[in-house]
Amino acid sequence: MPVTERTPIPYEEALARIVAHVPPPKPVEVPLAEAAGRVFLDTLVADFSLPPFRRAGADGFALRSRDVEKASPDRPVRLRIVAELAAGRTYDAPLGAGEAVRLMTGTAFPEGADTLLRLEDGEVEGDTLVVRRPLPPGRDVFEAGEDIRQGEVLLRPGDFLTPGAISVLATFGRTRVRVGRRPRIGILVTGDELLAPDEPLVLGKIRESNSFMLGAQVAMLGMGAHVYGVVPDERELLYARVRSALEEVDVLITTGGVAVGDYDLIPETFRRVGGEILFDRLAFRPGQLTTVAHVDGRMLFGLSGNPGAAFVGFYIFVRPYVLAYMGLSPERALHPRVPAVLEEAIPGRRRLPVYARGCYRWEGGRIVARTLGPDSSSYLSTLVRANALLYLPAGEDLPAGTEVETVLLDVAPH
């Protein structure tokens, strides 16, 4: 719904408005080697069982358990070694009484053999295997279909292609994969005060870092972004640059220009290019004045110019939209949220809820987390080690040991 006033809304409502505008995934076919990190749009059904044959689970000697059922240290059983097989080779005759075959891990088990004596436990005298104890049937033998059964559904539309999924696709002969198209992403930074990283500092100006940070966040999703550079706070120039960028991208991320000053032109610009403003004020920090709009199937994310707020805004809004655009369900596109135990007391001086940059670790079977210092959205120092966002409710003192909802940033889609 259009928003005409800067009415603050909670995170859940803001996310719901964004998700409502995710288009259906656009299928593309890519080589398997390029499919990792994409979203699968087909169904993979096993057309054979895995393993496709009985195979050895270790290097050793295949034999018949009944031949050694009376073996003991004092009365060993001697078996004739009739063949030695490397992986990929087979023994074509049924294994006879008193016979053994030496084979490598993964080798097809000879017909008639039902157990394996591991190589390190074997005692060889010429072409004879000496066995000094009984062996149960099935030891170190993988039966056909023990891992995957023919007809089993292995991957479904909407599954995220992890390295393990890529392995399964290769095993079942998929050399090309149908996946959701990645969105074309643009990054545009606004502000008269910004310098390039290689420019000398002068009083009143700072070096621009947001485009590099956001570009890195996009790169962590396995894709690139077109960076449109820094645009001065000039109404007509900004309008022209945004309009031009929207001819090339599906997602445009801007930083700066979202507050209420005379030179904060992003909300106005988004409207001028035909955007429906989904929201322009949030009921939490950082990034209260984040502005998000939708125009002709494209999404515009107007993030704060403060790096801490832009960092958080990307993770809680931009990233889920990008992954959902590729075909992941909105629920799976979100970073995992788990309860974490605070290892510090946090005073209740928050007028609004806060997504605080923090750091988590596992300790004693639970997740322990802490904030990383001052909470100002303009601070860069807290971004260096942040691997979590800690949700801190407004106004409450939070003693050490309190459980808080924590967004884990270094965890892949699930």
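## Helices and sheets in a predicted model

Helices α1 and α6 are roughly parallel to each other, because their axes cross at roughly 25°, and angles under 35 degrees count as roughly parallel. The model described here is predicted.

**Helix α6 and its two helix partners**

Helix α1 covers residues 11-19. The axes of α1 and α6 come within 10 Å. Their crossing is right-handed. On the α1 side, the contact is made by Tyr11, Ala14, Leu15 and Ile18. On the α6 side, the residues are Ile316, Phe317, Pro320 and Tyr321. By class, this contact has eight nonpolar residues, with no polar and no charged ones.

Helix α3 (residues 210-219) also meets α6. The axes of α3 and α6 come within 10 Å and cross at roughly 20°. That makes α3 roughly parallel to α6. This crossing, too, is right-handed. From α3 come Asn210, Met213, Leu214, Gln217 and Val218. They meet Pro307, Ala310, Phe311, Phe314 and Tyr315 of α6. Sorted by class, the contact of α3 with α6 has eight nonpolar and two polar residues, and no charged ones.

The table sets out the two crossings.

| Helix pair | Axes come within | Crossing angle |
|---|---|---|
| α1 and α6 | 10 Å | roughly 25° |
| α3 and α6 | 10 Å | roughly 20° |

**The closed barrel**

Five strands form a closed barrel. The order is β21-β23-β22-β24-β25, and the pairing is mixed. Neighbouring strands of this sheet are turned by 50° against each other on average, direction ignored. Helix α6 (residues 307-325) packs on this sheet. There α6 touches β21, β22 (354-363) and β24 (388-392). The direction of α6 makes about 70° with that of β22.

One strand pair can be followed in detail. Strand β21 holds residues 337-342, and strand β23 holds residues 366-371. The two run parallel and are joined by two bridges. Val341 has Val368 in β23 as its bridge partner.

**The open sheet**

Six strands form an open sheet. Their order is β16-β13-β17-β20-β19-β18, again with mixed pairing. The edge strands are β16 (226-231) and β18 (276-279). Each of these edge strands pairs on one side only. On average, neighbouring strands of this sheet are turned by 20° against each other, direction ignored.

Within this sheet, strand β13 (residues 185-190) pairs with strand β17 (residues 251-255). The pairing is parallel and spans five bridges. Leu188 stands opposite Thr254 in β17.

Helix α3 packs on the open sheet, touching β13, β16, β17 and β20 (298-303). The direction of α3 makes about 160° with that of β13. Helix α4 (residues 235-245) lies across β13, β16, β17 and β20. Helix α4 runs at about 175° to β16.

So how do the parts link up? Helix α3 touches strands of the open sheet and meets α6. Helix α6, in turn, packs on the barrel sheet.

**A closer look at Thr128**

Thr128 is found in strand β9, which covers residues 128-131. The side chain of Thr128 makes a polar contact with the side chain of Asp127, at 3.5 Å. Leaving out residues up to four places away in sequence, Thr128 touches Arg78, Leu79, Ile81 and Glu123.

Definitions and conventions
Residues are numbered from 1 along each chain as its sequence is written. This is a predicted model: local features need pLDDT of at least 70, side-chain atom pairs count only at pLDDT 80 or more; totals for chains, interfaces and linings use all residues. Side-chain values use heavy atoms; hydrogens and water are left out. Two strands pair if DSSP finds at least two bridges between them. Helices (H or I, at least four residues) and strands (E, at least two) are DSSP runs, numbered from the N terminus. Axes are lines fitted to C-alpha atoms, for helices over the stretch in contact, and angles run from 0 to 180 degrees between N-to-C directions. Contact means heavy atoms within 4.5 Å. Angles under 35 degrees count as roughly parallel, over 145 as roughly antiparallel, 65 to 115 as roughly perpendicular and the rest as oblique. A crossing is left-handed if the near helix is turned anticlockwise from the far one by less than a right angle, and right-handed if clockwise. Ala, Val, Leu, Ile, Met, Phe, Trp, Tyr, Cys and Pro count as nonpolar, Asp, Glu, Lys and Arg as charged, and the others, Gly among them, as polar. A polar contact is a pair of N or O atoms within 3.5 Å; within protein, one must be able to donate a hydrogen and the other to accept it, and residues adjacent in sequence count only if both atoms are side-chain atoms.
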